[in-house]
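Biologist: I am new to this model and should like to go through it step by step. May we begin once it is on view?

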Amino acid sequence: MPESPIPAAASVAPSTVRPRFLRRPLVLWGGFALVHAVLIGLNLSGVGWPLGDVERVYLGWAEGTVSGAVRLGIDTDFVYPILALAPILASLAFGAPLYALTWLGLVTVLNGVAFGVLTGRRPGRAAAGAAWWWLGFLLLLGPVALARIDSVTAPLVILGLLWLRTRPFWGAVLLSVATWVKVWPVAAIVALVVASRRRWQVLAAFAGTSALIIVVALTMGSGLTILSFVTEQTNRGIQIEAPVADWWLWQSALGIPGTLVYYDQQILTYQVIGTGTELAIAVMTPLLVLCVAAVLALGWRAQRRGASVDRLFPPLLLALVLTLIVVNKVGSPQFMTWLAAPLILGLVSSPRSWWRPALVALVMAALTQVVYPYFYDGLLATTPAMVLILTVRNLLEVVLLGWMAVRLWRLGSQPVGPGAQSQVAPDAGLYRSILKE
């Protein structure tokens with residue numbers, strides 16, 4: 001029976017968006033324009049320097065590449081996969097003085113494309129509800145929602161997931177391309193491989209796309225430098241926003257000597273050092289691999305027990321994304337943008353079972369904006385109030401991860417047999433896609 005993670009009849013699914021005017025395209029696009037206008041304004045003139053990475057780092061990379069002074073990912077190590085240079089260079093189209101504004105415009109256009117595909121011409125309740133949730137999430141997350149390379153990958157992944165139901169090949173290709181902009185979208189590829197019986201098509205799309213990118217880089221003389229983003233990440237210290245850093249932040253906040261927050265000039269991030277941090281740095285990457293393997297084992301168990309891809313794929317994807325955030329020595333406020341795609345997928349597929357996790361994510365987004373950019377100086381000074389806010393945000397990440405793990409366990413605990421097919425959403429499987437069984 002064909003299956004798709006995004007039901008074709010999602011327009012009739014239950015949703016909290018009941019007033020018809022909230023489903024009108026003009027109202028939806030008005031909300032989109034207003035939210036993005038606010039976020040652009042906050043980036044250009046708000047408190048703090050949310051455009052710091054864009055104006056200080058990305059612009060420098062772009063100018064260095066255009067001038068020929070450096071070839072990131074080719075003959076110079078690069079912290080991101082090589083396709084990250086595409087939006088970084090594209091934002092230089094109107095010159096350095098307009099670089100930040102061009103970047104914000106580019107991200108807004110990408111969000112608009114994903115938003116348009118999500119809502120369509122006549123959005124149903126579920127699609128409209130997911131669209132309004134996304135706008136609220138962006139607004140609560142604040143300026144960082146537009147001002148990082150993650151802001152480019154988020155709409156690409158949303159679009160790729162939406163395309164899986166109608167353009168399955170191109171959906172898988174787009175997810176692969178997004179992975180070569182920043183690594184986290186690989187979670188969607190891996191989740192598809194586990195959840196779908198047509199995993200070989202997914203792997204073929206990913207391998208083919210990756211091979212093309214690597215071959216082009218090799219012809220330019222990259223050698224193994226094309227994979228430098230892997231070693232650049234593994235050599236990093238404990239970033240202060242990472243959940244594991246809370247232990248040392250609280251020691252500093254409580255006045256216990258031996259902990260220091262410092263700025264890493266090479267990685268360009270604030271990190272924490274203290275008793276035990278070297279051990280944590282050595283342990284976190286192997287622990288991340290083990291935790292990812294555990295989540296995949298839960299997904300595989302559910303798939304083998306007969307869980308439909310419609311019900312398995314969204315929680316598996318969110319669990320993998322949260323694992324990459326929670327069990328990581330690297331942590332940044334923009335990581336919250338990763339949550340949008342799996343939650344939109346869940347809200348479109350089954351609004352009733354996903355509105356609570358979506359509300360938790362809204363709280364996480366709001367807490368993130370409080371910390372960055374408005375009171376980031378307080379966090380750097382490890383004031384107890386800011387450390388508490390960050391800790392609550394990080395605990396909610398753990399709670400949401402545990403929530404998804406329980407869902408996966410329950411999916412794998414359902415009996416196999418004819419009765420299990422009744423668990424499949426009644427509108428599932430109406431699309432011919434790469435995911436069909």
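**Strands, confidence and helix packing**

Biologist: Which residue in strand 3 is the bridge partner of Ile238?

Modeller: In this predicted model, strands are DSSP runs of E with at least two residues, and helices are runs of H or I with at least four, both numbered from the N terminus. Strand 3 covers residues 269-273 and runs antiparallel to strand 1, to which two bridges join it. The partner of Ile238 in strand 3 is Val272.

Biologist: Which strands stand at the edges of the sheet?

Modeller: Two strands pair if DSSP finds at least two bridges between them. The sheet is open, with three strands in the order 1-3-2 and antiparallel pairing. A single partner strand is available to each edge strand, so one side of each lacks a neighbour in the sheet; these are strand 1 (238-239) and strand 2 (260-264).

Biologist: Over which residues does pLDDT stay under 50?

Modeller: Residues are numbered from 1 along each chain as its sequence is written. Local features need pLDDT (the predictor's confidence in each residue, from 0 to 100) of at least 70, side-chain atom pairs count only at 80 or more, totals for chains, interfaces and linings use all residues, and side-chain values use heavy atoms, without hydrogens and water. The chain averages 89, and 91% of the residues score at least 70. The stretches under 50 are residues 5-16 and residues 417-437.

Biologist: Are helix 14 and helix 15 roughly parallel or roughly antiparallel?

Modeller: Helix 14 (residues 340-349) and helix 15 (residues 351-374) pack with their axes 7 Å apart, at an angle of about 150°. Axes are lines fitted to C-alpha atoms over the stretch in contact, and angles run from 0 to 180 degrees between N-to-C directions. Angles under 35 degrees count as roughly parallel, over 145 as roughly antiparallel, 65 to 115 as roughly perpendicular and the rest as oblique. The two helices, helix 14 and helix 15, are therefore roughly antiparallel.

Biologist: How many nonpolar residues are in the contact of helix 1 with helix 5?

Modeller: Helix 1 (residues 25-45) and helix 5 (residues 125-141) pack at about 10°, with axes 10 Å apart, and are therefore roughly parallel. Their contact (heavy atoms within 4.5 Å) includes Phe32 and His36 of helix 1 and Trp132 of helix 5. Ala, Val, Leu, Ile, Met, Phe, Trp, Tyr, Cys and Pro count as nonpolar, Asp, Glu, Lys and Arg as charged, and the others, Gly among them, as polar. The contact has no charged residues, two polar, and, as nonpolar residues, twelve.
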